[in-house]
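Please find below my note on the structure under review. The points are numbered so that each can be taken up separately.

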Amino acid sequence: ALKRMLNFNVPPVKNSTGEPVWKVLIYDRFGQDIISPLLSVKELRDMGITLHLLLHSDRDAIPDVPAVYFVMPTEENIDRMCQDLRNQLYESYYLNFISAISRSKLEDIANAAIGANAVTQVAKVFDQYLNFITLEDDMFVLCNQNKELVSYRAINRPDITDTEMETIMDTIVDSLFCFFVTLGAIPIIRCSRGTAAEMVAVKLDKKLRENLRDARNSLFTGDTLGAGQFSFQRPLLVLVDRNIDLATPLHHTWTYQALVHDVLDFHLNRVNLEESTGMESTPAGARPKKKNKKSYDLTASDKFWQKHKGSPFPEVAESVQQELESYRAQEDEVKRLKSIMGIEGEDEGAISMLSDNTAKLTSAVSSLPELLEKKRLIDLHTNVATAVLEHIKSRKLDVYFEYEEKIMSKSTLDKSLLDMISDPDAGTPEDKMRLFLIYYISSAQAPSEIDLEQYKKALMDAGCNLAPLSYIKQWKAFTKMASAPTSYGNATPKPLGLFSRVMNTGSQFVMEGVKNLVLKQQNLPVTRILDNLMEMKSNPETDDYRYFDPKMLRGSDSSVPRNKNPFQEAIVFVVGGGNYIEYQNLIDYIK
């Protein structure tokens, strides 16, 4: 959809040899967040984007170039666009709104265009319905700029007013609606009763229904439909409320992507690292060195990331090491070939003089760019994995992960919770609080007041903020679920012995003392709910989920599914925020 928009809203033709039309792209922060995880600067350039600028930055006039705008239809954005028209900044204007623009705002632009005598320059105005951010081929989030607005906390604040709640729900529904317009499919919606997820379902059903009724302007007919994107089967949309499982988001993680997200600064597929400047001692009296900030993009084109983002961390460390060794072997090969031919220092021109080794060398030289890219990825993952490892070691995250898994699967604990909390070497106050909340949420009956006081004292001594506990206490009392705590399966991670035996001694990762835990596949609550609904299994957990079909003429609300066949495709959305643990769990379930 973005590529079509950047091509002035006509589908880009494959294999057209001509130069692209050069143009500028003007976006706001929202547009920037949508584009940056999907298209690199190089890809933008290939599509003819020479400049990409923020709408509210100082921009110079470029009167002979068309401009493609990609912005939210907000008051201030529209004012600024009108100002651009008056100042005659560009040759022509292609206005694309991330979310649908209202009639009155459209009239404001029209009036400005007439006033600026620029009506003919406004080439196209489009609602793009792209108000969501795609992070993976199979994962999206609603937003980044104003994510506090739709967060778990925003939805569950005790003092929230009805109008605030309406606004939040409308924001969520607008993004989900955009998602289905872009997908070109009308889902069948299932949700749990009496939750925020149900409010989202009702509103989304109504919005899809109204759009389908309005035959002239329906977004789900004709060529807008992603032709052949979906089978004839419609997808299932499962709206899950975060409150059905609060333990998983608090849980410490053990797979690569989830760890990166948990312990490093990772947003919109970019991780920002502070490089430790090594151990050089600063001379007395000198200013401490500034830490270098580096950022890395973890993208779909990074093969190592794609292969290992769901692997347990020990495996990742091992794989980085193997990659490095195979790279070194190849690197030596290039050097060896060059030295055979006695051209270490000489120019490449001398190569052509030699015949017998030419074929060998040519292949070595042609694979050089590939090798360099491989080297870049190895360095990237060495740095990222090392940063993660530092957290694991300094906070004993392997111990936390294993202990929490035991709590959640009701296994016997080898060490008292009180010892874990009062161990000064294990974890930050936040780690301890997360551990205790998981224990509190997962326990069938709440700990006695006497025990609770003891825990509270230990938590306070460890420097914890107790506010989350009081929320979870109320939450647990309030949730009907308290009668039957969510089950997390009963598989605990099996340690494979300590790392030192797995890793060869030449490794860059000093893994000593870190447990080599291997995950056992078990379905988390979100995955179980999906499984029940997709496979049409009868299960008390999901039997009373509501059923909406926006295509049915009369919105008959019944939990009786019309459709008896299992679904082939599903979209899972967690109202209040999903996380990478659940994402990974769903992917493993599909496999």
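The points that follow begin with the whole chain and then turn to individual strands, helices and residues.

1. Overall composition. The model is a predicted one. Its secondary structure amounts to 21 helices and 16 strands. Of the 591 residues in the chain, 47% are buried. The exposed surface of the chain comes to about 30,400 Å², and carbon and sulfur atoms supply 54% of that area. Among contacts with a separation of 6 or more, 76% are between residues 24 or more positions apart.

2. Strand 1 and its cover. Strand 1 covers residues 23-27, and 5 of these 5 residues are buried, so the strand is largely enclosed by the rest of the structure. In a regular strand, side chains alternate between the two faces of the sheet. Here Lys23, Leu25 and Tyr27 point one way, while Val24 and Ile26 point the other way. Both sets of residues are buried.

3. Partners of strand 1. Which strands pair with strand 1? Strand 2 (residues 49-54) pairs with strand 1 in the parallel sense, over 5 bridges. Within this pairing, leucine 25 has histidine 52 of strand 2 as its bridge partner. Strand 3 also runs parallel to strand 1, and 4 bridges join the two. There, valine 24 has alanine 67 of strand 3 as its bridge partner.

4. From strand 3 to strand 4. Strand 3 (residues 62-71) pairs with strand 4 in the parallel sense, with 7 bridges between them. One of the pairs of bridge partners is valine 71 and phenylalanine 97, the latter in strand 4. Together with helix 4 (residues 75-86), strands 3 and 4 form a right-handed β-α-β unit. In the loop between helix 4 and strand 4 lies glutamine 88. The phi of glutamine 88 is near 50°, a positive value in a residue other than glycine. I suggest that this backbone angle be named in the description of the loop.

5. From strand 4 to strand 5. Strand 4 (residues 90-97) is mostly covered, with 7 of its 8 residues buried. Strand 4 pairs with strand 5 (residues 122-127) in the parallel sense over 5 bridges. Tyrosine 94 has lysine 124 of strand 5 as its bridge partner. From strand 4 the chain passes through helix 5 (residues 103-115) to strand 5, and this β-α-β crossover is right-handed.

6. Phenylalanine 132. Is phenylalanine 132 buried or exposed? Its relative accessibility is 7%, below the 20% cut-off, so phenylalanine 132 counts as buried. The residue is placed in the loop between strand 5 and strand 6 (133-136). Apart from neighbours within four places in sequence, phenylalanine 132 is in contact with Ile34, Phe140, Val141, Leu142, Ser175, Cys178, Phe179 and Thr182. With serine 175, the C-alpha to C-alpha distance is 5.6 Å, although the two residues are 43 residues apart in sequence.

7. Helix 8. Helix 8 comprises 18 residues (residues 196-213) and should span 26 Å at 1.5 Å a residue; this agrees with its end C-alpha atoms, which are 26 Å apart. Its buried residues are Ala196, Ala197, Glu198, Val200, Ala201, Leu204, Asp205, Leu208, Arg209 and Asn211. Against which elements do the buried residues of helix 8 pack? Among the helices, they pack against helix 6 (152-156) and helix 7 (162-183). Among the strands, they pack against strand 8 (188-191), strand 9 (236-241), strand 15 (546-548) and strand 16 (570-575).

8. Helix 15 and the loop after it. The 12 residues of helix 15 should span 16 Å at 1.5 Å a residue, and the 16 Å between its end C-alpha atoms agrees with this. Because 11 of its 12 residues are buried, helix 15 is largely enclosed by the rest of the structure. The buried residues include the charged-residue names Asp398, Glu402, Glu404, Glu405 and Lys406. Also buried are Leu397, Tyr400, Phe401, Tyr403, Ile407 and Met408. Just after helix 15, lysine 410 takes a positive phi of about 55°, although lysine 410 is not a glycine. Lysine 410 lies in the loop between helix 15 (397-408) and helix 16 (417-422).

Conventions: Residues are numbered from 1 along each chain as its sequence is written. This is a predicted model: local features need pLDDT of at least 70, side-chain atom pairs count only at pLDDT 80 or more; totals for chains, interfaces and linings use all residues. Side-chain values use heavy atoms; hydrogens and water are left out. Buried means under 20% relative accessible area, exposed over 50%, partly exposed in between (1.4 Å probe, protein chains only). Helices (H or I, at least four residues) and strands (E, at least two) are DSSP runs, numbered from the N terminus. Two strands pair if DSSP finds at least two bridges between them. A crossover is right-handed if, with the strands pointing away from the viewer, the path from the first strand over the helix to the second runs clockwise. The expected span of a helix is 1.5 Å times one less than its number of residues. Contact means heavy atoms within 4.5 Å. Accessible areas come from the Shrake-Rupley method with a 1.4 Å probe; for residues, only the protein chains shown count as cover.
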